[in-house]
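I opened this model to look up a few items and keep a record of them. The entries below follow the order in which I looked.

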Amino acid sequence: MWNIYFQDALFAAIAAIGFASISKPPKRAYIYCALTAAAGHSFRLMLTNGSTMHMHITIATLLAAFLIGTIAVFLSPLAKTPAETYLFPALLPMIPGIYAYKAFGGLAMCILRNGHDIFNSYFYLFATNAITCTSIILCMVIGATTPIFIFKKTSFQATR
Amino acid sequence: MRTTTVYKCGSPSPQELCRFLSEYSALLLGCGATCIRLENNVQRIAEAYGKEISMVIMPRHVQISVWEKGNDEAVTAISTVKSSPISFNVNTRLSELSWEVADGKTDFNQAAERLGKIVKDDRQDKWTVPVLVALANASFCRLFSGDAVAMLTVLAATLAGYSLKTFLLGRGTDNRLAFFICSFVSSVLGATDILFAIGDTPTTAMATSVLYLVPGIPYLNSFSDMLCRHYICAFCRFMDAIVLTGCLSAGLCCGMLLMNVGMF
């Protein structure tokens, strides 16, 4: 069981470092990106896993993002970088990319295919994926940015 | 009667400060900072010099008015946001600069000099990033339960796609077209497992081969701006992200049609 969480944390950390490199963080921020992403992603897995909590992915994402935000805010004075520098890359492995393009795929198929049932089927694909994607992103941002506003002084004085 | 204000050495006039803040805002917003950070940083610098400010943040422009406390005459500047790639390094260094000004560690002339240097010094190793991104996307594939073969396929597809993206954007190609082309190339390469029936999770390889293109930071920034009630910027950033997601989905669909693969 713990092996699954360890693997999830490890691959989330690698994903966060790689995706963070696209947005040019300071070099000292990479390690914090990895730590934050590993903690957040494995925590979400723990919440959604059937054998433990079996929570819905949207709520689990909200709680995991809150954890990521809190860790990021308290690590930011140590790294002397704004919390977003590793907060956002740490959230990237949780971005519902597959839902996003499945929604677009469903929309494209609605336009390209004819027939009442086929349209309904693809519209369902579009609507469910679009709603899930939007709600997950919204929960991620609310969860991750709430600690920034709760601990405003710590988060906005990190680069001081 | 007109009065003349004499500014001490290191203390800028409203005109000078307005010009500085205008350039500072354009750089900070262009490198992907949220509106709330921009407001806080600009306010901090203005307070350090004892000036009052008011600002309007639009998606492509920033308007700043600066005036002396107790004086009605304001100086206004409008700057166009620099469309540069997202850079947390620039974001961090600009935030540090605002604190150094606020704490009196740097005078106005030094701050103005450093502003130009911050962007000039923002370089990145062009060989390391594609490898890191490819490893990241392969790890992503693993997070979606892809096997080792799928991870290798995604690694290759991402390496090719990301290098192509860097090349196209470097040549000044429109980023929407670049996203479409890179998504198409990555999805065609990602379909290798399906084409040759190798590995146990070929569809995961194809689905995750384009995920490195998902504009995650613009999505997050847009919702962050929305929470701070910067609705126009939030909507603009969200629409940018939607358009890019649409381009990558179109590229993926074309790749799937070419390889005769059904995923939807």
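**Entry: a valine in chain B.** I began with B:V90, which I found in helix α3 (residues 88–102) of chain B, in what is a predicted model. I noted a relative accessible area of 5% for B:V90, so I list this residue as buried, the cut-off for that class being under 20%. Setting aside the neighbours within four places in sequence, I looked up what B:V90 touches and found contacts with B:C31, B:I118 and B:D122. I also took the C-alpha separation of B:V90 and B:D121, which comes to 9.1 Å for two residues that are 31 residues apart along the chain.

**Entry: first two helices of chain B.** I next asked at what angle the axes of α1 and α2 of chain B cross. For helix α1 (residues 14–30) of chain B and helix α2 (residues 35–48) of chain B I have roughly 155°, with the axes coming within 10 Å. Because angles over 145 degrees are classed that way, I record α1(B) and α2(B) as roughly antiparallel to each other. The crossing of α1(B) past α2(B) is right-handed. On the α1(B) side I listed B:L17, B:F20, B:L21, B:Y24, B:S25, B:L28 and B:L29, and these meet B:C35, B:R37, B:L38, B:N41, B:V42, B:I45 and B:A46 of α2(B). Sorted by character, the residues of this contact between α1(B) and α2(B) are 11 nonpolar, two polar and one charged. I also met B:F20 and B:Y24 in a cluster linked by ring pairs, together with B:Y49 and B:F108.

**Entry: aromatic pairs.** Over all chains I have a count of 12 aromatic pairs. One of them is the pair of A:F19 and B:F140, which is edge-to-face, with 5.3 Å from centre to centre and 65° between the planes. This pair crosses between chains, since A:F19 sits in helix α1 (residues 2–22) of chain A and B:F140 in helix α5 (residues 128–143) of chain B. I checked burial for the two residues, and both A:F19 and B:F140 are buried. I then turned to B:Y219 and B:F238, whose ring centres lie 6.0 Å apart with the planes at 65°, so that I log this pair too as edge-to-face. B:Y219 belongs to helix α10 (residues 216–227) of chain B and B:F238 to helix α11 (residues 231–258) of chain B, so the pair ties together parts that are 19 residues apart in sequence. Are B:Y219 and B:F238 buried or partly exposed? B:Y219 counts as buried at 4% relative accessibility, whereas B:F238, at 24%, counts as partly exposed.

**Entry: chain A.** I found seven helices and zero strands in chain A. The C-alpha atoms of chain A fill a box of roughly 60 × 35 × 30 Å along the principal axes, and of its 160 residues 54% are buried. Among the contacts in chain A between residues at least 6 apart in sequence, I have 70% joining residues at least 24 apart.

**Entry: a helix pair in chain A.** Helix α2 (residues 30–48) of chain A packs against helix α4 (residues 84–91) of chain A at an angle of about 45°, the axes lying 8 Å apart. I therefore class α2(A) as oblique to α4(A), and I note their crossing as right-handed. The contact is made by A:Y32, A:C33, A:T36 and A:A37 from α2(A) and by A:T85, A:Y86, A:P89 and A:A90 from α4(A). The residues in this contact of α2(A) with α4(A) divide into six nonpolar and two polar, with no charged residue.

Notes
Residues numbered from 1 in each chain as written. Chains lettered and ligands numbered in written order. Predicted model: local features only at pLDDT ≥ 70, side-chain atom pairs only at ≥ 80, totals over all residues. Heavy atoms only, no water. Axes fitted to C-alpha atoms, helices over the stretch in contact; angles between N-to-C directions. Helix = DSSP H or I, 4+ residues; strand = E, 2+ residues; numbered from the N terminus. Parallel < 35°, antiparallel > 145°, perpendicular 65-115°, else oblique. Left-handed = near helix turned anticlockwise from the far one by under 90°. Contact = heavy atoms within 4.5 Å. Nonpolar A, V, L, I, M, F, W, Y, C, P; charged D, E, K, R; others polar. Phe/Tyr/Trp six-rings, centres within 6.5 Å; stacked < 30°, edge-to-face > 60°. Buried < 20%, exposed > 50% of the residue type's maximum accessible area, 1.4 Å probe, protein only.
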